[in-house]
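Trainee: Could you walk me through reading a few features of this model, starting with a strand and moving on to charged pairs and pockets?

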Amino acid sequence: MLYFPILGNVWEEKRMAGPLDGIRILEWAMWHNGPAAGYMLGELGAEVIKIEHPVQGDATRGVSTMSGAPMFLPGGRSILFEVANRSKKSITVNLQTEKGREVVYRLVEKSDVFFTNFRQKVARKLKLDYPDLARINPKLIYAYNTGNGLKGEESELRAFDQLAQARTGMMWAIGDRDLEEPQVVQGAIMDQTGATMLAFAIVSALLARERQGIGQQVDVSLLGSAIHLQTVNIHAAMWQGRAIPRHSRNRARNAMDNHYRCADGKWIRFGESQSDRFWVEFCDALGVEGLVHDQRFDTSERRRANFAEMVPLLDKIFAGKPRAEWFRIFKEKHCQFAWGPINATEDVANDPQVLINDYIVEYEHPTMGRVKTVSLPIHFEKTPVAIQCPPPEFGQHTEEVLLDVAGYSWEEIAQMRADGVL
């Protein structure tokens, strides 16, 4: 099999063993928060087999817009499907039929993991929940990724990324403090977080099975993952009675924990909590050494008290040079305070620090040619992470999987196609 190693940025003919080499995973999931876990596990070396309905398939194959932005790529492919489904195989099975479920049962016998983000009542109705599959394979890891958890009266409600942001306070944690309405972060960040937690749970359960010889059900949720992502802020709210306030650029008490617009319109961000430690160095880099002993600003307490004068003063200074010039100064002076660019999303794929660490890599896409893509940002010295293959065509590997894994004959496969099972 051809694969694309994250390290090196070249195609190789021989597949190298990843950390999960030899693990077979069945994915029965749609949208992003489930399938994205599949590509992570696939690039860790597992064989991931995606089970899709023979007519509808994963709904993201047909998503054409998001927030008014076009999502279709050349060849009629959707960005949403492409980013969550590389490094896996696709088979089509009609799970509404008994023979279709029998296909899955035969695959379960020879698999290590089955995961889904369909609701519990759907899995129970189709006899694809944990009790059913554990009877077939007692050492199976069965993983759920739900919206609101497996318990409670709202456990069966449909839930999506934006609802997780809403319910967990994130929509009040982002944006400027002076905004009087909640804000949404675009780009399925809660789905991606939920998928990451699902992959983590699956790998942990595999380790437990290796050490203790047990299969088990594990579950994560969008709700729980969104809370986990905001651990510090939620603890502040629980333990001190209020969340950490939204940031306000114009009212920032710490001048070195703020952002400023440069002469070319680009923004620079500082994130230094130890302002007294670096204040002299900061003033030297800005060419305003006189501020070091200015009694309005010579201590962090005085800078906090006089923020209304501090912020406009620094705004004027940073507006005097383009951002690249400021960065050149910081590097030449070997400045140790924390600084960095505020990138537009379009800038990230060209950031030299991102590229040198292979957080964005290239691979050969079947309809777009060589393209950049977000990698799995984990590096192993001896078992490298790898993009194993592009996202599969609809049902591309049905015959291969049924022949090589489930042990069906060509005649049986042909009959199942005629019967509408595949």
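Mentor: In a regular strand the side chains alternate between the two faces of the sheet. In strand 2 both faces are covered: Arg24, Leu26 and Trp28 on one side are buried, as are Ile25 and Glu27 on the other. Buried here means under 20% relative accessible area, exposed over 50%, and partly exposed in between, with a 1.4 Å probe and protein chains only. Strands (E, at least two residues) and helices (H or I, at least four) are DSSP runs numbered from the N terminus. This is a predicted model, where local features need pLDDT of at least 70 and side-chain atom pairs count only at pLDDT 80 or more, while totals for chains, interfaces and linings use all residues. Residues are numbered from 1 along each chain as its sequence is written, and side-chain values use heavy atoms, with hydrogens and water left out.

Trainee: Why is strand 2 described as largely enclosed by the rest of the structure?

Mentor: Because 5 of the 5 residues of strand 2 (residues 24-28) are buried.

Trainee: Which strands pair with strand 2?

Mentor: Two strands pair if DSSP finds at least two bridges between them. Strand 2 runs parallel to strand 3, with 4 bridges, and Leu26 stands opposite Ile49 there. From strand 2 the chain passes through helix 1 (residues 35-43) to strand 3 in a right-handed β-α-β crossover. Right-handed means that, with the strands pointing away from the viewer, the path from the first strand over the helix to the second runs clockwise. Strand 2 is also parallel to strand 9 (residues 113-116), again through 4 bridges, with Glu27 opposite Phe115.

Trainee: How should I read the charged pairs?

Mentor: Side chains of opposite charge can pair when their charged atoms come close. The rule for a salt bridge is a side-chain nitrogen of Lys or Arg within 4 Å of a carboxyl oxygen of Asp or Glu, and by it the count is 29. Take Glu47 and Lys89, which meet at 2.9 Å, N to O. Glu47 lies in strand 3 (residues 47-52) and Lys89 in strand 8 (residues 89-92), 42 residues apart, so this pair links distant parts of the chain. Glu47 is buried at 19% relative accessible area, and Lys89 is buried at 13%. Both belong to a salt-bridge network with Arg24 and Glu400.

Trainee: Which acidic residues does Arg77 meet in salt bridges?

Mentor: Arg77 meets Glu82 at 3.3 Å and Glu393 at 2.3 Å. Glu393 sits in the loop between strand 17 (386-387) and helix 16 (398-404), 316 residues from Arg77 in strand 7. Arg77 is buried, with 8% relative accessible area, whereas Glu393 is partly exposed at 42%.

Trainee: And where is the empty space?

Mentor: Rolling a probe the size of a water molecule over the atoms shows where empty space is left. On a 1 Å grid over the protein atoms alone, a pocket is an open set of points where a 1.4 Å probe fits, with protein on both sides within 12 Å along at least five of seven lines; lining residues have an atom within 4 Å of a point. The largest pocket holds about 1200 Å³. Its lining has 30 residues, with Ile79, Val83, Gly187, Thr345 and Val374 nearest the centre.

Notes. Points joined across faces, edges and corners; volume = space filled by probe spheres on them.
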